[in-house]
Structures are given as structure tokens and as C-alpha cells.
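Visitor: I'd like a close look at a single part of this one. Could you pick a helix and walk me through what packs around it?

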Amino acid sequence: MSSIREALAQRILVIDGAMGTMIQRHKLQEADYRGDRFKDWPSDLKGNNDLLCITQPQIIVDIHKQYLEAGADIIETNTFNAQKVSLADYGMESLAYELNVAAARCARQAVAETGKQAWVAGAMGPMNKTLSLSPDVNNPGFRALSFDEAMEAYYEQISGLVDGGVDLLLIETIFDTLNAKAAIYAIKKYFRDAGKPELPISISGTITDASGRTLSGQTLEAFYTSVAHARPLSVGLNCALGAQEMRSHIEELSGLASCYVSAYPNAGLPNAMGEYDEAPHETAHFIEDWAREGWVNIVGGCCGTTPDHIKHIADHVKTMKPRTVPVLETAL
């Protein structure tokens, strides 16, 4: 099997689409989330999608397989909220490590069953608490979380993902770069402590509105500069915007980044009901345009996208040349 770096040098790789959208199709009820093991759990568990890696692993494996069969080269583990900070919402902090191992194994099983050459990305979401902003409007200096607490939560998540067998680590949907820095530090510390060779790191931020800034106020260039020290395999954008709205930001990032560039937008902007209406051929058309311009190396979908979207995207970019990584001069 060639390495992901070798593959990226030769072609545009396709990352999978939305996990939550696919889980919603199963119309799971509280009892489905609980399974036997958690039937007496004191709080509601419906909506804790990461828990399904333990209670309904076959559903998760099947979703991964649908994306692989649609043409995905990279599948993300179902671990967007699987660290103890976010799991505290369900009182499940103690399950963080186990959940990540289970999720990585679900993804590995899907790759094995399809027999496809594909890579498993350990997905690390942004957490439900921010390090840069105060949740208390009357106390701007207050923080709900410290850097060390965030780092330790990510460290535990990383250890589970690595033990479960992921090929790379994906810090994604970043709205606060300080949270991402805690994740980067945790990755570096984990591999140093474990004495293992470091896995590739992919980083994906999210631009929240037309201002072109992250939620914590950084421009795209500032965001890239803040994480470049991690020497990531790729930097990109996902979520928040549809492909049409993301276009100018991907063009900008393509000129900034001295690594590979990824982009996996939502299926358009949500409608009044919070649903996504953009058809697979529409999303694929926008992404094909970016590929033709030579801006991208990894493409796929976020909220609202399905295996059908990924199939269209994969078909549209398969003959396109990948973006050439520029040699940027470093000058003060």
C-alpha cells in the first residue's frame, strides 16, 4: 500500500461525507443509543452519535462502507465529540478512550470488508467549550476550560485513536485556533511520550460567515500561520459554508499553504428547517471548478452530504490534476 503522501502527489483524494446525516436516516430512538449496556444510564443518550461505535457498531461500519464504495479514499472515525470535555454532557467522560478505540476499529473493519485502499483519519472535533472566548457576557476574562484541560482531553482521545489503528489524525471544524493548538500540542506530546513515529496531522478550520473569519476572529491567513508550525500534511476548511460561499476562501488558502489543501463544504447552506437541499451534482460541480483551478488536494463533504454527493465528487475530480504545493519563500 502506498503512503498517503505518495497518493496525494499523484491525484486528488476524496474524503467522506457527513456521519450525522447518515445516522439520522436510521431514525434511532433512545433505546437504540443505549443498547443493553447503558439501558439504566441516568441521563438521556439519544443524540450521542459517538456512543453508537459501542452500542450499534454495525450501523457505523455500514455507513463507512457506503462512503468507501462511493469513492472515498479517506474515512473519518465517528469521534467528533469523543473526548471527555464534550462527553461530560452525557456524564460519559470515563468512556472517552474506549469510544475512540471502538470508532477506529469500526472504520478499519469497513476498509477491510471493502478491500479498498483507503486511509482512516482519527477525527478530533473542536470541543463544545472554547479557550479564547468567555461564555459569560458579564465576565470577558472568564474561561470555561483551561489549555491544559483541553490538551489532556485530546491526549486521551489520541491514545484511543492510535491504539484503534488510525492512519492520520484530523483536527477538524476548528472555530477557535487555541483549541486546535491544544490538540496539536497533545499529538506531539503523545508521540514523544509513546516513543512512536508521529502520524500525519491534517487540520481543517471553519469560516463562520461572510467576513471570512473564524468564530474567534482570526482571518484565514492568521489561522494558517497559527497552525503551520505543526508541519501538517494538509490544511483546509470544512463545514459552516456551502461550496459556493467557500470558493474565495479556498482560492486564498491555496496561495498561502506550503502543504496540501483540503476542502469539504456542507451541502449548501441550511434551509429554514435546518435541512440541506443542495443536490449531489451541484456540490460536485462547485468542487470540480476548484480542482480545475488547481486549488485542492483533498475534497469531500460535511453536513448534509451523503454517499451520493461523494460519488459525484469522486467522479468529477478523478481525472483532475492535484494542486501543486508551492515552494514559499520565508521572509520577515
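**A close look at helix α9**

Guide: Sure, let's take α9, keeping in mind that this is a predicted model. Helix α9 covers residues 177–194, so by definition it is one DSSP run. Its 18 residues reach 25 Å from the first C-alpha to the last, close to the 26 Å expected at 1.5 Å a residue.

Start at the ends. At the N-terminal end, Asp 176 acts as a cap, with a side-chain oxygen 2.9 Å from the backbone nitrogen of Leu 178. At the other end, just after α9, Gly 195 takes a positive phi of about 65 degrees.

Now for what is tucked away. The buried residues of α9 include several alanines, namely Ala 180, Ala 182, Ala 183 and Ala 186. Ile 184, Ile 187, Tyr 190 and Phe 191 are buried too, and so are the polar Thr 177 and Asn 179. Among the elements that cover these buried residues are the strands β3 (119–124), β4 (168–174) and β5 (201–205), along with the helices α8 (147–164) and α10 (220–227).

Two of those covering elements lead on to other parts of the model. Take β4 first: together with β7 (260–266), β4 is one of the elements that each supply at least two residues of the lining of the largest cavity. The structure holds one cavity of 30 Å³ or more, and about 60 Å³ of space lies in the largest. Its lining includes Leu 168 and Leu 170, as well as Ile 15, Ile 74, Ala 121 and Ser 202. Ser 234, Ser 262, Tyr 264 and Ile 298 line this cavity as well. Some of these names come back in the packing: a separate core of 16 residues includes Ile 15, Ile 74 and Leu 170, plus Trp 119.

The other lead is α8, which, like β3, also helps cover the buried residues of helix α7. Helix α7 has 19 residues and reaches 28 Å, close to the 27 Å expected. Its buried residues include Leu 99, Val 101, Cys 106 and Val 111, and just after α7, Gly 115 takes a positive phi of about 70 degrees.

That brings us to the largest nonpolar core, with 95 residues. Met 124, Ile 158, Ile 171, Ile 203, Trp 290 and Val 296 have the most contacts inside it. Helix α7 gives this core its largest share, nine residues. As for Val 296, its contacts beyond four places in sequence include Ile 12, Ile 250, Val 261, Trp 290 and Pro 322.

Note on methods. Residues are numbered from 1 along each chain as its sequence is written. This is a predicted model: local features need pLDDT of at least 70, side-chain atom pairs count only at pLDDT 80 or more; totals for chains, interfaces and linings use all residues. Side-chain values use heavy atoms; hydrogens and water are left out. A nonpolar core is a set of buried Ala, Val, Leu, Ile, Met, Phe, Trp, Tyr and Cys residues joined through side-chain atoms within 4.5 Å. Buried means under 20% relative accessible area, exposed over 50%, partly exposed in between (1.4 Å probe, protein chains only). Helices (H or I, at least four residues) and strands (E, at least two) are DSSP runs, numbered from the N terminus. Contact means heavy atoms within 4.5 Å. The expected span of a helix is 1.5 Å times one less than its number of residues. A polar contact is a pair of N or O atoms within 3.5 Å; within protein, one must be able to donate a hydrogen and the other to accept it, and residues adjacent in sequence count only if both atoms are side-chain atoms. On a 1 Å grid over the protein atoms alone, a cavity is a set of points where a 1.4 Å probe fits but cannot get out, and a pocket is an open set with protein on both sides within 12 Å along at least five of seven lines; lining residues have an atom within 4 Å of a point. Grid points are joined across faces, edges and corners, and a volume is the space filled by probe spheres set on the points.
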